[in-house]
Amino acid sequence: MAEQRHQLDARVFTAFFIAAMPFVAVGSFIVVNQARNLLRESVGTSLEQRAVQTKLALEQYVADQVVHLRLVSMDPEIQRALSRPAPAASEPERRRLEQEWAGGKDARLTASVVDNPLAARIRPLTVVRPAFRQVQVADAAGRLVAASSRVGRLWSTEAPWFKALAAQEGAPEARVGELFRPAGSSTVLFELAYPVRDGAGVFIGAVRALLDASDLYTVLAPVRIGRTGHASLLRATDGLVLASDESERILAMPLPGFDLLRSAFEGFPLGDSGRQLFGAAGQRRGYWSLPEVRVSGADGKPTTIEPPRLVGFSPVDQVPGVQWLVTVEQDLDEALAPVNGVTRYLWVHFVGVFATVILLALYFSFKLERPVMEEDLHLHEEHVPSGVKPAAS
């Protein structure tokens, strides 16, 4: 019985392999895409957690500054000085004194505020805490009775901070003002004020301080994630940058792409304690993905391009009187670098395998014909009797 010979048709095998490759490739890229989404969610959650930690540190920083002002308000000398009735002044007299105070022409008026015993008691605070650029004490009528230096107005009766403190009821609360840059100065400041009350709880004056806002950045500066991850402090109403390592943006422009970020918490009032932020799915979501944004200069022409970013955010809700938002952002390419590297490897891998299969298919297509013909001729020669010559044509 003749022995059966089984041969594998390489062309069929190659065709099957070529047909199976797209399914393997599509399945691999689906898995990689799922991994990319999971990694984006994980990085976004991590950025949100860093934003919450930074927000808590910022609230603690402001609370520490309030403690200093509260200690000043409890000073017995200040309490006694403010308990005395304030001297009455007519409206023309007030205007005259305001002009003399603003011009600094009356040395006696300046000395009565800056060089009195109360001023000597509050001035060390500006030395011990360099962030305190100015400390003032005002009586119940809003008149300045002591100051560490001659800055501001002599009467603050109509100032928002004084009116807010005078109208307080119940437990005293500090008032924190928005950041601002004085005219002709490059320094950014923010105000902090605390009411002064007597033993019966009656409002008898207030203590106000102007702090260097760059000190807020000491809370944000340690937040670093990779090469591009950093923290910023924004005004939650319009995204204006209040503190950041990009100093040219402070009080000059909003965070690029803030209009898109606003949709993450649109419809929920800022500044309310205990408020939650929700995403489109109805679940709490403290991060957002921002696409590429073109940043325009003062002339309206695009000057820089912000790459796609992941932004974690957390509102500052334990500082009264402000609407601040802490953000921690990172470039999306850096955040998803591990998955992007795997994706590039898969593309190279499948292109290389596909090219190899095509070359093998071509090789087998040209190689299989010749061995089969030679084998058939060899078998034919074995069946020709010896000594038999081929017939002459």
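The dialogue below goes through a predicted model and asks what stands behind the words used for it.

Student: What does the chain contain in terms of helices and strands?

Tutor: The chain has 11 helices and 13 strands. Of its 393 residues, 39% are buried. Its accessible surface is about 22,700 Å², and carbon and sulfur atoms hold 59% of that.

Student: Why is S314 called buried?

Tutor: Buried means under 20% relative accessible area. S314 has 5%, so S314 is buried. This residue sits in strand 12, residues 309–316.

Student: Which residues is S314 in contact with, leaving aside its neighbours within four places in sequence?

Tutor: S314 is in contact with A51, V52, K55, L325 and V326. Each has a heavy atom within 4.5 Å of one in S314, which is what the word contact requires.

Student: Why is R70 called partly exposed?

Tutor: Exposed means over 50% and buried means under 20%, with partly exposed in between. R70 has a relative accessible area of 47%, so R70 is partly exposed. R70 belongs to helix 1, residues 10–73. The C-alpha atoms of R70 and A174 are separated by 8.6 Å, although the two residues are 104 apart along the chain.

Student: Is E93 buried, exposed or partly exposed?

Tutor: E93, in helix 3, has 29% relative accessibility, so by the limits of 20% and 50% E93 is partly exposed.

Student: What makes the pair E93 and R96 a polar contact?

Tutor: A polar contact needs N or O atoms within 3.5 Å, one able to donate a hydrogen and the other to accept it. The side chains of E93 and R96 make such a contact at 2.4 Å.

Student: How do you know that the buried residues of helix 2 are on the same side?

Tutor: The buried residues in helix 2, residues 76–83, are I78, Q79 and L82. They cover an arc of only 100° around the axis, so they lie on the same side of helix 2. At the N-terminal end of helix 2, D75 acts as a cap, with a side-chain oxygen 2.9 Å from the backbone nitrogen of E77.

Student: What puts the buried residues of helix 4 on the same side?

Tutor: In helix 4, residues 107–114, the buried residues are L109, T110, V113 and V114. Their arc is only 110° around the axis, which means that they share a side of helix 4. They pack against helix 3 (91–103), helix 5 and strand 2. The exposed residues A107 and R108 are on the face turned away from the buried side.

Student: What is the strand order of the open sheet of 5 strands?

Tutor: The order is 2-1-5-4-3, and the pairing is antiparallel.

Student: What makes strand 2 and strand 3 edge strands?

Tutor: Strand 2 (144–147) and strand 3 (175–176) each pair on one side only. Helix 5 (residues 117–128) lies across strand 1 (132–139) and strand 2, at about 45° to strand 2.

Student: How do you know that strand 3 and strand 4 pair?

Tutor: Pairing needs at least two bridges. Strand 3 and strand 4 (residues 189–197) have 2 bridges, so they pair, in the antiparallel sense. R175 has A193 in strand 4 as its bridge partner.

Student: How many bridges join strand 4 to strand 5?

Tutor: There are 9 bridges between strand 4 and strand 5 (residues 203–212), which run antiparallel. P195 is opposite A206 in strand 5. The hairpin of these strands has 5 residues between them, and there G201 takes a positive phi near 85°.

Student: Why is strand 4 called mostly covered?

Tutor: In strand 4, 9 of its 9 residues are buried. L189, E191, A193, P195 and R197 point one way, while F190, L192, Y194 and V196 point the other way. In a regular strand the side chains alternate between the two faces of the sheet.

Student: What is the phi of L251, and where is this residue placed?

Tutor: L251 has a positive phi of about 55°, although it is not a glycine. Most residues other than glycine have a negative phi. L251 is in the loop between strand 8 (241–243) and helix 8 (258–262).

Definitions and conventions: Residues are numbered from 1 along each chain as its sequence is written. This is a predicted model: local features need pLDDT of at least 70, side-chain atom pairs count only at pLDDT 80 or more; totals for chains, interfaces and linings use all residues. Side-chain values use heavy atoms; hydrogens and water are left out. Helices (H or I, at least four residues) and strands (E, at least two) are DSSP runs, numbered from the N terminus. Buried means under 20% relative accessible area, exposed over 50%, partly exposed in between (1.4 Å probe, protein chains only). Accessible areas come from the Shrake-Rupley method with a 1.4 Å probe; for residues, only the protein chains shown count as cover. Axes are lines fitted to C-alpha atoms, for helices over the stretch in contact, and angles run from 0 to 180 degrees between N-to-C directions. The arc is that of the directions from the helix axis to the C-beta atoms.
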